Amino acid sequence: MFDKIQLMLELRKIMSRLQANHPKFPAFINAVRQNGVGAGTVIEIKVTDPYGKEFITNVKLNEDDMDCIRQLNELQKKMR
């Protein structure tokens with residue numbers, strides 16, 4: 001049990017650092033979440049390295065993905 005608490009505290013600390021480094025990102029995620037992401041939604045990710053090389057991919061969410069997202073949201077609520 002103690003290890004789980006330590007893990008949750010460490011995760012919370014890391015998330016706080018990421019939010020401090022990238023303050024607009026949580027607002028973006030919340031806006032996306034509030035506007036009804038659901039099965040059939042396409043998420044595209046583009047990464048550009050310091051040399052200009054691009055990596056691009058996308059995923060189309062299905063019902064199982066939505067179930068995973070719901071479960072993650074529930075776990076996040078329990079951590080607060």
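Leaving out residues up to four places away in sequence, N58 is in contact with V42, I43 and E44. That is a handy way into this predicted model, since N58 lies in strand β2 and its contacts lead straight to the strand pairing. In terms of solvent, N58 comes out as partly exposed because its relative accessibility is 45%, a value that falls between the 20% limit for buried and the 50% limit for exposed. Looking the other way along the sequence, Q71 is 13 residues from N58, and the two C-alpha atoms sit 22 Å apart.

The pairing itself is easy to lay out. Strand β1 covers residues 42-48 and strand β2 covers residues 54-60. The two run antiparallel, with seven bridges joining them. Two of the opposite positions can be picked out by name: V42 faces K60 in β2, and K46 faces I56 in β2. As a general point, side chains in a regular strand alternate between the two faces of the sheet.

K46 gives a second view of the pairing, this time from β1, the strand in which K46 is found. With residues up to four places away in sequence set aside, K46 touches E54, F55 and I56. I56 thus turns up both as a contact of K46 and as the residue opposite K46 in β2. R17 is another matter: 29 residues separate R17 from K46 along the chain, and their C-alpha atoms are 22 Å apart.

What links the two strands? β1 and β2 make up a hairpin, with five residues between them. G52 belongs to that loop between β1 and β2, and in the turn G52 takes a positive phi of about 95°. As for burial, G52 counts as partly exposed because its relative accessible area is 46%. From G52 to N62 is 10 residues along the chain, and the C-alpha separation for that pair is 32 Å.

Zooming out, the chain holds three helices and two strands. In sequence order the pattern reads α-α-β-β-α. The chain is more spread out than a compact globule, because its radius of gyration is 16 Å, well over the 12 Å that the globule rule gives for 80 residues. Along the principal axes, the C-alpha atoms fill a box of roughly 40 × 35 × 20 Å.

A few chain-wide totals round out the picture. How much of the chain is buried? Buried residues account for 4% of the 80 residues. The exposed area is about 7,400 Å², and carbon and sulfur atoms supply 59% of that area. On the contact side, taking pairs of residues at least 6 apart in sequence, 26% of the contacts join residues at least 24 apart. Charge is the last item: the chain carries 13 positive and 10 negative charges, and the mean positions of the two sets lie 7 Å apart.

Note on methods
Residues are numbered from 1 along each chain as its sequence is written. This is a predicted model: local features need pLDDT of at least 70, side-chain atom pairs count only at pLDDT 80 or more; totals for chains, interfaces and linings use all residues. Side-chain values use heavy atoms; hydrogens and water are left out. Two strands pair if DSSP finds at least two bridges between them. Helices (H or I, at least four residues) and strands (E, at least two) are DSSP runs, numbered from the N terminus. The radius of gyration is taken over C-alpha atoms; the globule rule is 2.2 Å times the number of residues to the power 0.38. Buried means under 20% relative accessible area, exposed over 50%, partly exposed in between (1.4 Å probe, protein chains only). Contact means heavy atoms within 4.5 Å. Accessible areas come from the Shrake-Rupley method with a 1.4 Å probe; for residues, only the protein chains shown count as cover. Lys and Arg count as positive and Asp and Glu as negative; His and the chain ends are not counted. The place of a charge is taken as NZ of Lys, CZ of Arg, CG of Asp or CD of Glu.
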